[in-house]
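Trainee: Pick one spot in this model and take me through it closely. After that, work outwards so I can see how the helices around the chain are packed.

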Amino acid sequence: MPKVTLPGGEIREVASGSPVGELLPEGAICARVGDRLVDRSWPVEEDVSVEPVLASEPDGLHVLRHSTAHVMAQAVCDLYPGARYAIGPPIEDGFYYDFELPKQLTPEDLPAIEARMREIAAAAQPFVREELDRAGALGRFADQPYKREIVETAEADEGAMGERFSVYRNDGWADLCLGPHVPSTDRLAAFKLLSLAGAYWRGDEHRPQLQRIYGTAWATEEDLAAYLHRLEEAERRDHRKLGRQLDLFSFPEELGAGLLVWHPRGGLLRTAIEDFEREIHLASGYVPVFTPHPARSVLWETSGHLAKYRENMYPPMQAEEADYYAKPMNCPFHVLVYKSQTRSYRDLPMRLFELGTIYRHERAGVLHGLLRVRGGTQDDSHIICTEDQLVEEVLRVFDILQRIYLTFGFEDFVINLSTKPGEAIGEESMWRKATEALRLALDRSGLGYSVAEGEGAFYGPKVDFHARDAIGRLWQLGTVQCDYALPERFQMEYMGEDNERHRPVMIHRAILGTIERFTAVLIEHYAGAFPLWLAPEQVRLIPVADRHAEAAGGLAAMLRARGLRAEIDASRETVPKKIRAAQLMKIPYTLVVGDREIEAGTAAVRAREGAEVRGVPFDAFAEAAASGAARRALTGIDLASLVPAAP
RNA sequence: GCUGGCGUGGCGCAGCCUGGUAGCGCAAGCGAUUUGUAAUCGCUAGGUCGUGGGUUCGAAUCCCACCGCCAGCUCCA
């Protein structure tokens with residue numbers, strides 16, 4: 001009789017072949033045996049340790065969503081005879097299933113599918129696992145070409161299944177699936193279908209495009225409601241919407257897709273970002289360079305861009321019989337700066353910095369507000385150093401990068417080391433050395449990271465930084481790439497201490513990525529309510545009546561003299577209306593100026609978040625605001641502390 | 001690039017299905033009000049209905065192409 005070890009350490013003997021579910025609490029939707037998830041019906045045949053898996057824990061949610069995906073596919077097959085179903089995995093926060101259907105679905109079709117799903121759930125159909133051999137599986141899915149293809153292409157050694165294929169059946173509907181699943185459809189709890197999309201079979205754009213239905217599923221209605229609220233919150237933060245509301249930028253159709261103009265308020269925000277970047281780079285040993293936007297084709301031939309990156313480059317323009325390409329990257333230009341004279345080992349490391357504007361002909365479907373544009377400006381740098389200096393330089397990049405992110409209010413990162421991709425230039429030994437240098441620097445920095453195989457740039461491996469925003473989303477920002485290839489291609493050299501010529505190594509790095517993309521991330525992170533130092537308009541002055549306009553203008557001038565961005569709202573509207581306008585523009589501080597304030601030399605200050613504080617001495621406010629902005633503080637002014645205690 | 005949806009004054013929307021030459025709110029300008037912490041009242045002006053072609057006596061409305069946007073796929077900062 002097999003012995004089963006339960007979580008408390010209790011050991012139970014059970015009859016061989018009895019279902020593991022008998023040992024689990026009713027609420028467990030499946031079981032964890034060792035490091036494997038199994039159905040409640042899984043037969044115990046040897047000594048094992050078993051833990052229950054609840055719908056509320058990550059593994060359990062995964063199973064729940066997988067089962068919900070099955071039921072959705074079952075519902076679709078019920079409603080659309082002739083449907084062919086492909087794959088339907090759980091994903092973060094939900095699931096999807098891909099179909100080939102006799103009709104094109106529209107969002108109006110989703111409620112009917114959802115209603116059918118609820119009927120199936122209410123019917124409490126048990127999920128029954130069967131195992132078939134290859135021939136049996138092909139027979140079972142005779143009219144399902146996608147399932148047959150999965151069976152036909154499955155390698156004999158795939159998973160632990162060998163030549164066995166598991167099928168889960170509930171009622172008459174069956175799907176090829178490794179499992180596990182919930183024991184019965186009545187375990188499906190809170191779910192909702194969300195959207196439709198096209199998706200290529202097996203992710204290959206040369207294969208048929210299927211109809212994908214996305215849905216979400218949770219252990220409880222409360223969790224589902226919380227998730228839907230999160231979606232709404234994300235929509236509220238949408239930088240495209242806020243960009244219009246706050247009058248930061250626009251994408252005029254006349255410019256072409258992915259090209260934008262920055263409005264004055266966006267320009268002020270961008271200037272605040274760029275001023276900080278210049279300041280911290282110059283203070284950290286970087287030197288500024290400036291380079292043009294187009295260059296002759298020979299440059300791109302040498303760099304390898306025409307061979308490896310052409311599809312992302314704008315077509316060339318002709319002048320004087322030569323082809324000029326708009327630059328998709330800044331690196332070749334920085335190489336030319338380096339090569340403008342013979343370099344000594346004493347010149348290294350050389351850290352060239354540029355807010356460099358690049359043009360990439362991104363495929364039309366990927367453009368997305370500021371997050372993916374065709375013309376953008378990178379905070380780009382190329383560090384040219386000796387091989388010996390490489391690790392130290394990468395560590396210095398990690399340091400400046402963290403200081404910059406913290407200043408902008410990002411504290412939590414996910415880091416990836418991306419290795420050699422399929423399309424690559426340079427020799428294997430270069431790739432190995434470059435990858436090892438990055439790995440060594442990461443290990444020494446103490447930053448946690450994971451490895452993304454094959455995700456590197458065509459000229460070198462890279463470390464990517466993803467920042468977590470205020471509502472937990474991750475955004476890719478910085479990238480640090482280690483490159484032996486371009487120095488080779490451009491025949492870069494330096495004279496060593498030994499009086500011999502040597503080849504330097506190059507680090508490519510951007511910290512914010514592009515200013516456009518980073519601005520989008522900032523907008524979404526702060527929901528448009530920027531900290532004082534970034535706010536396009538930091539202080540708005542509201543005269544109570546016309547007779548106060550002159551005094552308010554004087555105060556605005558005093559604030560500007562301290563470097564603050566202050567505007568006066570002299571419109572002949574009521575105070576509440578002007579307050580509302582200032583709040584909608586998410587201006588950090590609004591000062592109402594009337595008789596009392598002019599008389600006492602104070603201000604009635606309303607912070608963007610929080611109530612008004614009257615009787616703040618104007619000079620104290622100006623001092624605190626100027627200081628907060630200059631320090632690039634992320635927290636607001638403690639207004640109450642500025643008010644003198646009543647005598 | 002692919003699949004589907006969408007495009008109406010600066011912004012947000014109605015009208016389109018069931019063709020008969022456009023309407024609402026906000027914003028703007030003007031007037032009255034001189035206002036004390038999220039919308040005072042009234043008046044006025046503003047639209048070749050994304051662009052081009054087609055069907056029709058007649059097109060915002062139906063059809064086609066292109067441009068742009070949106071959701072995904074593929075790609076990626």
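Mentor: Let's start with Arg632, which is buried at a relative accessible area of 17% (buried is under 20%, exposed over 50% and partly exposed in between, using a 1.4 Å probe and protein chains only). Before going on, a word on the ground rules: this is a predicted model, where local features need pLDDT of at least 70 and side-chain atom pairs count only at pLDDT 80 or more, while totals for chains, interfaces and linings use all residues. Residues are numbered from 1 along each chain as its sequence is written, chains are lettered from A and ligands numbered from 1 in the order in which they are written, and side-chain values use heavy atoms, with hydrogens and water left out.

Back to Arg632: it sits in the segment after α18 (618-631). The helix and strand labels are DSSP runs numbered from the N terminus, with H or I over at least four residues for helices and E over at least two for strands. The backbone is what catches the eye here, since Arg632 has a positive phi of about 60 degrees without being a glycine. Most residues other than glycine have a negative phi, and most peptide bonds are trans.

Asp247 makes a good partner to look at, as another non-glycine with a positive phi of about 60 degrees. Asp247 is in the loop between α6 (239-245) and β16 (249-250), and it is partly exposed, at 35% relative accessible area. Then there's Ala124, just after α2, where phi is positive at about 50 degrees. For an odd peptide bond, go to Leu348 and Pro349, which are joined in cis with omega about -5 degrees; Pro349 belongs to the loop between α10 (331-338) and β22 (350-359).

Since Ala124 brought us to α2, let's stay with that helix. Its 13 residues should span 18 Å at 1.5 Å a residue, and the end C-alpha atoms are indeed 18 Å apart (the expected span is 1.5 Å times one less than the number of residues). Leu110, Ile113, Glu114, Met117, Ile120 and Ala121 are its buried residues. Looking down the axis, they fall within a 115 degree arc, so they line one face of α2; the arc is taken from the directions from the helix axis to the C-beta atoms. An α-helix has 3.6 residues a turn, so residues three or four places apart point the same way. Exposed Pro111 and Ala122 are on the face turned away from the buried side of α2. Among the elements covering that buried side are α1, β12 (164-170), β14 (190-200) and β15 (209-218), where contact means heavy atoms within 4.5 Å.

The α1 packing is worth a closer look. The axes of α1 (58-79) and α2 (110-122) come within 9 Å and cross at roughly 115 degrees; axes are lines fitted to C-alpha atoms, for helices over the stretch in contact, with angles from 0 to 180 degrees between N-to-C directions. That makes α1 roughly perpendicular to α2 (under 35 degrees is roughly parallel, over 145 roughly antiparallel, 65 to 115 roughly perpendicular and the rest oblique). α1 passes α2 in a right-handed crossing: the near helix is turned clockwise from the far one by less than a right angle, and anticlockwise would be left-handed. Residues making the contact include Val71, Met72 and Ala75 of α1 and Ile113, Met117 and Ile120 of α2.

Compare that with α7 (264-283) and α11, whose axes come within 11 Å and cross at roughly 150 degrees. Those two helices are therefore roughly antiparallel, and their crossing is right-handed. Phe276, Glu277, Ile280 and His281 of α7 meet Ile400, Arg403, Ile404 and Thr407 of α11.

α11 (390-407) leads on to α12, as it is one of the elements that the buried residues of α12 pack against, along with β24 (413-418), β26 (462-468), β27 (474-483) and α13 (485-489). α12 has 18 residues (428-445) and reaches 26 Å, close to the 26 Å expected. Its buried set includes Met430, Trp431, Leu438 and Leu442, and the buried residues of α12 lie within a 150 degree arc, so they line one face. Arg432 and Arg444 are exposed on the other side of α12.
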